[in-house]
Amino acid sequence: MPESVEAVEMQAALLRLRRTSGLPVAFGGLLADSRHARIAEVNGARTAALRGLVISSGSGLGGKSMALSRPCAVTDYRSSRHISHEYDTAVAAEGLRSVVAVPVVVRREVRGVLYGALREPLTLGDRTFDAAVAAARDVEQALVVRDEVRQLLAASRPEPDAAPGAAGAAAWEDVREAHRELRALMPKVLDPALRDELLAVCGRLATATGSREPGEREVRLAPREIDVLACVAAGATNAVAADRLGLRPETVKGYLRSAMRRLGAHTRLEAVVAARRAGLLP
């Protein structure tokens with residue numbers, strides 16, 4: 001079964017945290033409900049004591065970090081008077097002493113927590129805090145992208161007979177804008193299952209007006225060529241398209257020239273029209 005975006009991004013964030021901070025152990029998880037996070041990913045552990053642990057908001061170091069919505073740390077977990085000690089058994093089993101916890105926050109809402117830890121009671125410096133915060137930001141960005149994709153997927157189900165007409169022109173432009181936004185988000189999606197769903201929806205949106213016109217030659221474009229044309233169709237300049245797609249303006253020009261050549265078009269507008277006739281754009 002494909003791993004979720006949460007698992008993929010959490011694993012990458014924990015690995016980055018260990019590499020940039022030098023901490024031997026990193027672990028974390030997302031909220032299962034409004035008050036509880038489940039430790040689903042562990043990196044560098046010697047035991048299975050931490051995996052699956054459910055952290056309640058306000059309890060222990062991670063729960064304190066979640067409740068306050070800010071990073072928290074202790075020099076010696078077992079003797080700290082600044083946290084509650086519901087999770088001492090698991091922490092002791094792994095031999096952790098100095099620990100930092102950072103909340104994962106998206107649009108002011110706590111969505112999870114990341115930890116980094118030492119097996120010695122040492123004071124953690126600014127470098128460690130910065131590394132932990134940066135790792136949490138990576139997960140936050142991935143969650144933002146996932147949320148946007150799912151919202152667009154939910155709003156981008158074209159009706160079978162949703163051909164553009166005078167009454168539905170505005171609604172059809174919304175479909176085209178959703179297609180463009182989905183194409184722009186696709187490179188940021190790491191979850192294979194979600195990316196496949198995204199590609200399928202983009203395909204349905206592109207052909208929502210019907211199949212390729214009779215007699216129209218089949219044209220195949222590279223994914224980035226379609227991305228650029230989707231931006232051009234929305235009226236974007238090369239500079240704006242580059243900003244939306246995370247590319248350089250010169251790269252956008254190259255994709256556009258290639259797409260125009262494949263489509264037999266001489267202008268940007270001709271390329272968009274040809275792409276629509278070929279069922280590549282809605």
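The exercises below, each followed by a worked solution, deal with the predicted model shown above.

Residues are numbered from 1 along each chain as its sequence is written, and side-chain values use heavy atoms, with hydrogens and water left out. Because the model is predicted, local features need pLDDT of at least 70 and side-chain atom pairs count only at pLDDT 80 or more, while totals for chains, interfaces and linings use all residues.

**Exercise 1. The chain as a whole**

Find how many helices and strands the chain holds, and what percentage of its residues is buried.

Solution. Start with the secondary structure, which comes to 10 helices and 7 strands; helices (H or I, at least four residues) and strands (E, at least two) are DSSP runs, numbered from the N terminus. Next take burial, where buried means under 20% relative accessible area, exposed over 50%, and partly exposed in between, with a 1.4 Å probe and protein chains only. On that basis, buried residues make up 46% of the 282 residues in the chain. Finally turn to contacts, meaning heavy atoms within 4.5 Å: of those with a separation of 6 or more, 61% join residues 24 or more positions apart.

**Exercise 2. The sheet and the helix across it**

Determine the strand order of the open sheet of 5 strands, and state which helix lies across S5, S6 and S7.

Solution. The pairing criterion comes first: two strands pair if DSSP finds at least two bridges between them. The resulting order is S3-S1-S7-S6-S5, with antiparallel pairing. At the edges stand strand S3 (41-43) and strand S5 (72-74), each of which pairs on one side only. Neighbouring strands are turned by 15° against each other on average, direction ignored, where axes are lines fitted to C-alpha atoms, for helices over the stretch in contact, and angles run from 0 to 180 degrees between N-to-C directions. For one pair in detail, strand S1 (residues 25-30) and S3 are joined in the antiparallel sense over 3 bridges, and Phe-27 has Val-42 in S3 as its bridge partner. The helix asked for is H2 (residues 60-68), which runs at about 35° to S6 (99-106) as it lies across S5, S6 and S7 (109-117).

**Exercise 3. Positive phi outside glycine**

Locate Ser-69 and Arg-107, and decide for each whether the residue is buried, partly exposed or exposed.

Solution. The background is that most residues other than glycine have a negative phi, and most peptide bonds are trans. Ser-69, although not a glycine, has a positive phi of about 60°; the residue lies in the loop between H2 and S5 and is partly exposed, with a relative accessible area of 37%. Arg-107 likewise takes a positive phi, near 50°; this residue is found in the loop between S6 and S7 and is exposed, at 57% relative accessible area.

**Exercise 4. Nonpolar cores and H7**

Identify the helix that gives the most residues to the largest nonpolar core, and list which of the residues of that helix are buried.

Solution. A nonpolar core is a set of buried Ala, Val, Leu, Ile, Met, Phe, Trp, Tyr and Cys residues joined through side-chain atoms within 4.5 Å. The largest has 26 residues, and those with the most contacts inside it are Leu-221, Leu-229, Leu-263, Leu-280 and Leu-281. Two or more residues each come from helix H7 (223-233), helix H8 (238-245), helix H9 (249-263) and helix H10 (268-277), and H7 gives the most, with 6 residues. A second, separate core of 23 residues includes Phe-27, Val-74, Tyr-87 and Val-99.

Returning to H7, 9 of its 11 residues are buried, namely Arg-224, Glu-225, Ile-226, Asp-227, Val-228, Leu-229, Ala-230, Cys-231 and Val-232. Beyond its neighbours within four places in sequence, Leu-229 is in contact with residues including Leu-221, Leu-256, Leu-263 and Ala-271.

**Exercise 5. Enclosed space**

Give the volume of the largest cavity and name residues that line the cavity.

Solution. On a 1 Å grid over the protein atoms alone, a cavity is a set of points where a 1.4 Å probe fits but cannot get out, and lining residues have an atom within 4 Å of a point. Grid points are joined across faces, edges and corners, and a volume is the space filled by probe spheres set on the points. The structure holds 1 cavity of 30 Å³ or more, and the volume of the largest is about 90 Å³. Its lining includes Phe-27, Gly-62, Tyr-87, Val-99 and Tyr-115.

How values were computed:
1 Å grid on protein atoms, 1.4 Å probe; cavity = no way out; pocket = protein on both sides within 12 Å on 5 of 7 lines; lining within 4 Å.
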